[in-house]
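The following paragraphs lead through the structure shown below, from its overall make-up to its interior. The reader is invited to keep the model in view while reading.

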Amino acid sequence: MSRIKFVLTILLTMLFFAVSAQSQKGKREDIFKDLAKTKPGYGTVKLQQNPKVNLLVNRKIKEGDSKKYITFSGYRIQVYMDNNQKKSKDEAYAREKKLKEKYEDLTTYISFSSPFWKLRVGDYRTHADALVMAKKLREDFPELSSEILIVKDDEVRDISLEADPSASAPASTTKTEVKKDKKDKK
């Protein structure tokens with residue numbers, strides 16, 4: 001008898017979660033509007049971002065899981081990587097600033113993959129292209145030359161932005177990625 005009660009409890013619990021998941025699917029609201037709402041007892045969130053981010057996120061929500069993105073392998077130049085809890089983040093941003101003074105158009109990526117902070121630059125389709133830029137960086141920043149290395153990296157692009165060249169130009173060439181995976185495979 002207790003086994004039947006246990007099975008019925010499990011089935012009812014699964015049914016409850018299935019119904020609540022279905023009701024959540026119909027309520028797809030703009031996440032940015034939801035974050036900006038003021039609620040008593042909660043803080044206020046103020047978002048400052050490129051308006052194209054809202055369009056892309058909302059488009060992705062409306063499209064569901066349809067494959068609108070392509071990934072391709074490429075290369076980036078890793079300029080910094082460290083796991084010192086007290087200084088790594090600040091050092092990554094300081095080096096980014098130093099690089100931006102010399103190369104304004106260089107795209108930078110600061111990421112945290114526990115326990116490492118990393119600074120990577122550029123989006124290169126071939127190893128040869130990355131090698132040319134790495135050589136320039138070593139010449140211009142000899143104090144960083146021992147840490148500069150080329151790493152294989154994947155980049156995700158939206159096909160609809162690829163078709164419109166004006167939309168693919170980023171408002172800012174700095175990208176911050178926070179990865180929560182335990183190991184970086186690259």
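How many helices and strands does the secondary structure of the protein come to? In this predicted model, the secondary structure comprises seven helices and five strands. Read from the N terminus, the elements follow the order α-α-α-β-α-β-β-α-β-α-α-β.

Confidence should be considered before any detail. The mean pLDDT of the protein is 74, and 67% of its residues reach 70 or more. For residues 164-174, the pLDDT lies below 50, and this stretch has 15 contacts in the model beyond near neighbours in sequence. Residues 178-186 likewise have a pLDDT below 50, with 16 contacts in the model beyond near neighbours in sequence. Where pLDDT is low, predicted coordinates should not be read in detail.

Attention may now turn to the chain as a whole. The protein has 186 residues, of which 24% count as buried. Its accessible surface amounts to about 13700 Å², and carbon and sulfur atoms account for 57% of that area. Among contacts between residues at least 6 apart in sequence, 71% join residues at least 24 apart.

The interior comes next. The largest nonpolar core contains 20 residues, and those with the most contacts inside it are Ile77, Val79, Leu99, Val121, Tyr124, Met133 and Leu137. Two or more residues of this core are given by each of the elements β1 (69-82), α4 (88-102), β3 (116-124) and α5 (127-140).

Tyr124 offers a closer view of these surroundings. Apart from neighbours within four places in sequence, Tyr124 is in contact with Gly74, Tyr75, Arg76, Ile77, Leu106, Asp129, Ala130 and Met133. Of these partners, Ile77 and Met133 are also listed among the core residues with the most contacts inside the core.

Definitions and conventions: Residues numbered from 1 in each chain as written. Predicted model: local features only at pLDDT ≥ 70, side-chain atom pairs only at ≥ 80, totals over all residues. Heavy atoms only, no water. pLDDT = per-residue confidence, 0-100. Contact = heavy atoms within 4.5 Å. Helix = DSSP H or I, 4+ residues; strand = E, 2+ residues; numbered from the N terminus. Buried < 20%, exposed > 50% of the residue type's maximum accessible area, 1.4 Å probe, protein only. Areas by Shrake-Rupley, 256 points an atom, 1.4 Å probe, with all protein chains shown as cover. Core = buried A, V, L, I, M, F, W, Y, C linked by side-chain atoms within 4.5 Å.
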